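Student: I would like to go through a structure by asking about one residue at a time. Please show it to me.

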Amino acid sequence: EKGNYRHFMQKEIFEQPTVVAQTLRSYVRQIDQSVALPQMDFDLSKINRVTIVACGTSYYAGLVAKYWFEQFARLPVDIDVASEFRYRDPVLEPGGLSLFISQSGETADTLAALRHCKAAGQTIAVVVNVPTSSMAREADLLLPTHAGPEIGVASTKAFTCQLAVLAALAAHLAVKRGRMDRAEEADVVNHLIETPAALNAALGHDDEIAAMAHLIAPARDVLYLGRGPDYPLALEGALKLKEISYIHAEGYASGEMKHGPIALIDEAVPVIVLAPSGPLFEKTVSNMQEVRARGGKIVLISDADGLAEAGEGCLATIEMPKVHPLIAPLVYAVPVQLLAYHVACVKGTDVDQPRNLAKSVTVE
Ligand code: F6R
């Protein structure tokens, strides 16, 4: 079943261009370049607030969506991990949409949070990969990802498919709320359609990342930095590395470094910076300088413009294609997945079945 791949995780990373394209086919209409959601029996334009709840990697997809829903649809978003959300007595007012994100559709805390929101009268939307799951059955609006079965315990293709659905949902909400006109919608759709090609370009750096993994594998701690919608990718990169290579890793918002974590920096701590070029790039470059001044070794993941500006003096660089900010989080997921994968291979850990972890967490 693994075909030519050594591990399911590796196979699933490489399936991403195909499964993201497959997922997007149900959410974008190429004929009129519009975003299309499944039929629903409520009016999305009446939604006044979104509450996003999930766990782990699915939660990070939700964090990216928060940036998108706010930026494109001007909708206020509250987000939390399910185990906190359930017990903190969240304020759930009429007109709210509660959005649950889950690969399995069975994660116990997320499912309990869904039932809590339903009982509180919220409209329930779910982004799930298993269409027969409990969450799928209990939703008012089912937004499936078409990633196919995910076998590797560390989530990869389910994550990028979640992001694809959430990007389409963000655009749809923006249209419904009068925040995006036809031309802008068509533009977003065209960028989404380019995603699989951009994912392929990112996957083209596999050998380079495999070589770089030898530089990272000896580290005891690794930091990941990102900003804006790419900040959750820093969290995701750190989670992937911890899960499968057992190296301690943390993700931080780039600008938050100087408020504490910079104390950790020395020659032994690699810092992986995820920074597409753009309006906030300069800010990240100054954060990189703060790291470098303390002897930190930087791996910069950026596009050609970003690397031309700030690639010099880095331990290593990885060049991503230059893409629309809406699809950057999907594309930048690839190098962080590959880096974690190859570091785990160097360390010889069990990539598909990491210690202490289960694919679906059905206990609270
Ligand atoms: C990370 C990972 C976990 C899951 C989390 C939620 O690689 O796999 O963090 O993302 O347990 O699972 P689902 O998405 O099935 O609710």
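Student: Where does D89 lie?

Tutor: This is a predicted model, in which local features need pLDDT of at least 70, side-chain atom pairs count only at pLDDT 80 or more, and totals for chains, interfaces and linings use all residues. Residues are numbered from 1 along each chain as its sequence is written, and side-chain values use heavy atoms, with hydrogens and water left out. Helices (H or I, at least four residues) and strands (E, at least two) are DSSP runs, numbered from the N terminus. The place of D89 is the loop between helix 4 (82-85) and strand 5 (96-102).

Student: Is D89 buried or exposed?

Tutor: Buried means under 20% relative accessible area, exposed means over 50%, and partly exposed lies in between (1.4 Å probe, protein chains only). D89 has a relative accessibility of 65%, so D89 counts as exposed.

Student: What is the phi of D89?

Tutor: D89 is not a glycine. Its phi is nevertheless positive, at about 55°.

Student: What is the phi of Q33?

Tutor: Q33 is found in the loop between strand 1 (28-29) and strand 2 (34-35). With 28% relative accessibility, Q33 counts as partly exposed. Q33 is not a glycine, yet it has a positive phi of about 50°.

Student: How many salt bridges does the structure hold?

Tutor: A salt bridge is a side-chain nitrogen of Lys or Arg within 4 Å of a carboxyl oxygen of Asp or Glu. By that rule, the number in the structure is 15.

Student: Which residue forms a salt bridge with D43?

Tutor: D43 is partly exposed because its relative accessible area is 34%. Its partner has 62% relative accessibility and so counts as exposed. The closest N and O atoms of the pair are 3.2 Å apart, and the partner is K46.

Student: How many residues apart are E150 and K359, which meet in a salt bridge?

Tutor: The N to O distance in the salt bridge between the side chains of E150 and K359 is 2.7 Å. The pair links distant parts of the chain, with E150 in the loop between strand 7 (141-144) and helix 7 (157-176) and K359 in the segment after helix 14 (328-347). Along the chain, the two are 209 residues apart.

Student: Is E150 buried or exposed?

Tutor: Its partner K359 has 27% relative accessibility, so K359 counts as partly exposed. E150 has 7% relative accessibility, so E150 counts as buried.

Student: In which helix do R182 and E185 lie?

Tutor: R182 forms a salt bridge with E185, and their closest N and O atoms are 2.8 Å apart. R182 counts as partly exposed at 45% relative accessibility, whereas E185 counts as buried at 5%. The two are three residues apart, about one turn of the helix, and both lie in helix 8.

Student: Which residue has a polar contact with the side chain of Q10?

Tutor: Q10 lies in helix 1 (residues 8-14), and at 13% relative accessibility it counts as buried. A polar contact is a pair of N or O atoms within 3.5 Å; within protein, one must be able to donate a hydrogen and the other to accept it, and residues adjacent in sequence count only if both atoms are side-chain atoms. The contact here is 3.3 Å, and the other side chain belongs to Y341.

Student: How far apart in space are K118 and D140, C-alpha to C-alpha?

Tutor: K118 lies in helix 5 (residues 108-119). At 38% relative accessibility, K118 counts as partly exposed. K118 and D140 are 22 residues apart in sequence, and their C-alpha to C-alpha distance is 9.5 Å.

Student: By what distance are the C-alpha atoms of A344 and K242 separated?

Tutor: A344 is found in helix 14 and is buried, with a relative accessible area of 0%. A344 and K242 are 102 residues apart along the chain, and the separation of their C-alpha atoms is 9.5 Å.

Student: What distance separates the C-alpha atoms of E243 and C161?

Tutor: E243 has its place in helix 11 (residues 231-245). E243 is buried because its relative accessible area is 16%. E243 and C161 are 82 residues apart along the chain, and their C-alpha atoms are separated by 20 Å.
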